[in-house]
Number of protein chains: 2
Amino acid sequence: MYTVNERLAWRYATKKFDATKSVLAEKLERIIEAVRLAPTTSGLQPFELFVVSNAAIRAKIRAVAWNQTQITDCSHLLVFAAWDDITSDRVNMMFDLTNEVRGFKNEGWENYREMLLGIVGERGTHGNYEVAARQAYIGLGIALIAAAFEEVDATPMEGFDPVALDDILDLKSKNLRSVVLLPLGYRADEGDWAVNLKKVRRDRESFVTEIM
Amino acid sequence: MYTVNERLAWRYATKKFDATKSVLAEKLERIIEAVRLAPTTSGLQPFELFVVSNAAIRAKIRAVAWNQTQITDCSHLLVFAAWDDITSDRVNMMFDLTNEVRGFKNEGWENYREMLLGIVGERGTHGNYEVAARQAYIGLGIALIAAAFEEVDATPMEGFDPVALDDILDLKSKNLRSVVLLPLGYRADEGDWAVNLKKVRRDRESFVTEIM
């Protein structure tokens, strides 16, 4: 069993997947489950996950994503789609679910609901969408580690036309907006120019400040 | 050794830390290192990490963060601070570092640099900040898992006044903006109302859509 940092050292943004290799269903499920378990602001889970294996749909997505071959060569394409707004209905849905799961409806929690409804109302649609999009990135970070522990390669991708992708997946009718992609699969034996490159990160001194 | 999903099930947003317990330096270092290794858009790492142990500074931060006790009771407070803009200088700094680490300066990479400089110039300060803030959340997601593997408790927190916090840490002069906090430490033996509550997440059916 590896450590988190060993798995982070192993992973890289795969440039060429082996299109003949598929991720086992049980591995895929564990990665999906990790994303579902990701913590989010006020427990809202303000995003959804799309798992695209359909070849025709993936070809369409590739066409609006700089023709990046990972989208069609990977085993499964994850699409993280954030709520386009944090509406009262959505807040209430999650608070009601919490009451159901935890079997309570206490005063403190109801006061928190009211306060949160006030905050999201005041923040407005775009601000709420930005908050939701950030939460999707918590899920992305967790998916990256979960995939690495399964020895599944993954490539975080922001290089696509989100409006066109929303059209392809009919996200607008679901009040969602695509924010980031994560192809999952297995690196090709040959042809990936990035596989042997040294990882580039700023050193600890220029990345971390300790205030003691 | 546990699995990622076992560690995700173990963790929760700790409400009360044991102020007498400190996270060992080696554990803290591994968590910091995981954040440093987090992948980010175009490899820019457009955020920095502040590790605050100073008691007086933490008291000041608590005062602008709804008086949440985790900020002063935790062992170390992580502050994720995003670049306030993705400037040409910052893009060039990371591309130059890449060339240095990888020992190359190839034409494709230089074309990519030019393209990226065009994109960030067009997107403008606020859009660039939002992109940077999202990347900080990849680091947050990874920090949460890294902490859980160290059996260190952690509480992601957005409930604070970012402008006031930027003042306290003098982030403006560094062209940074605080986006999210992560107190690290150990849950108190008593007094945490959240420790035994069932985790609330939407079921797979309402969170995941498969397109096959």
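# Two-chain briefing: symmetry, interface and shared sheets

Chain B superposes on chain A by a rotation of 180° with 0.0 Å of shift along its axis, at an RMSD of 0.0 Å. The two copies are thus related as by a two-fold rotation axis. This is a predicted model. Chain A and chain B bury about 6,600 Å² between them. A strand of chain B also joins a sheet with strands of chain A.

**Chain architecture**

- Chain A has 8 helices and 5 strands.
- Starting at the N terminus, the order of elements in chain A is α-α-β-α-α-β-α-α-β-α-β-α-β.
- Along the principal axes, the C-alpha atoms of chain A fill a box of roughly 60 × 50 × 35 Å.

**Interface: extent and make-up**

- Chain A puts 73 residues into the contact, and chain B puts in 73 residues.
- Of the roughly 6,600 Å² buried, 63% lies on carbon and sulfur atoms.
- Three residues of chain B, namely B:Arg134, B:Arg202 and B:Phe207, supply 13% of the area that chain B buries against chain A. No other three residues supply more.
- The copies meet through the same surface, because 100% of the interface residues of chain B are also interface residues in chain A.

**Interface: polar and charged pairs**

- The interface of chain B and chain A holds 42 residue pairs in polar contact, with both residues at pLDDT 80 or more.
- Several elements of chain B give two or more residues to the side that touches chain A. The helices are α1 (4-10), α2 (25-37), α5 (88-102), α6 (107-149) and α8 (204-207). The strands are β1 (47-52) and β5 (208-211).
- Helix α6(B) gives the most to this side, with 17 residues.
- By class, the side of chain B that touches chain A has 45 nonpolar, 11 polar and 17 charged residues.
- There are 4 salt bridges across the interface.
- One salt bridge joins the side chains of A:Glu29 and B:Arg204, at 2.6 Å from N to O.
- Side chains of opposite charge can pair when their charged atoms come close.

**Sheet with four strands from chain A**

- An open sheet of 5 strands runs in the order β3(A)-β4(A)-β2(A)-β1(A)-β5(B), with mixed pairing.
- At its edges stand β3 (153-154) of chain A and β5 of chain B. Each has a single partner strand, so one side of each is left without a neighbour in the sheet.
- The link between chains is the pairing of β1 (residues 47-52) of chain A with β5(B). These strands run parallel and are joined by 4 bridges.
- Within that pairing, A:Phe50 has B:Thr209 as its bridge partner.
- On the pairing with β2 (residues 76-83) of chain A, β1(A) runs antiparallel and has 6 bridges.
- In that strand, A:Phe80 stands opposite A:Leu49.

**Sheet with four strands from chain B**

- Another open sheet of 5 strands has the order β5(A)-β1(B)-β2(B)-β4(B)-β3(B). Its pairing is mixed as well.
- The edge strands are β5 (208-211) of chain A and β3 (153-154) of chain B. Each edge strand has a single partner, so one of its sides is left without a neighbour in the sheet.
- Strand β3(B) runs antiparallel to β4 (residues 176-185) of chain B, and 2 bridges join them.
- B:Ala154 has B:Leu184 as its bridge partner in β4(B).

**Salt bridges over the structure**

- The count over all chains is 22 salt bridges.
- One of them pairs A:Arg113 with A:Glu110, whose closest N and O atoms are 2.9 Å apart.
- A:Arg113 and A:Glu110 are separated by about one helical turn, because they lie 3 residues apart in helix α6 (residues 107-149) of chain A.

Methods
Residues are numbered from 1 along each chain as its sequence is written. Chains are lettered from A and ligands numbered from 1 in the order in which they are written. This is a predicted model: local features need pLDDT of at least 70, side-chain atom pairs count only at pLDDT 80 or more; totals for chains, interfaces and linings use all residues. Side-chain values use heavy atoms; hydrogens and water are left out. Contact means heavy atoms within 4.5 Å. Buried area is the accessible area (1.4 Å probe) that two parts lose on being put together, summed over both. A polar contact is a pair of N or O atoms within 3.5 Å; within protein, one must be able to donate a hydrogen and the other to accept it, and residues adjacent in sequence count only if both atoms are side-chain atoms. Ala, Val, Leu, Ile, Met, Phe, Trp, Tyr, Cys and Pro count as nonpolar, Asp, Glu, Lys and Arg as charged, and the others, Gly among them, as polar. Two strands pair if DSSP finds at least two bridges between them. Copies are superposed by least squares on the C-alpha atoms of residues with pLDDT of at least 70 in both.
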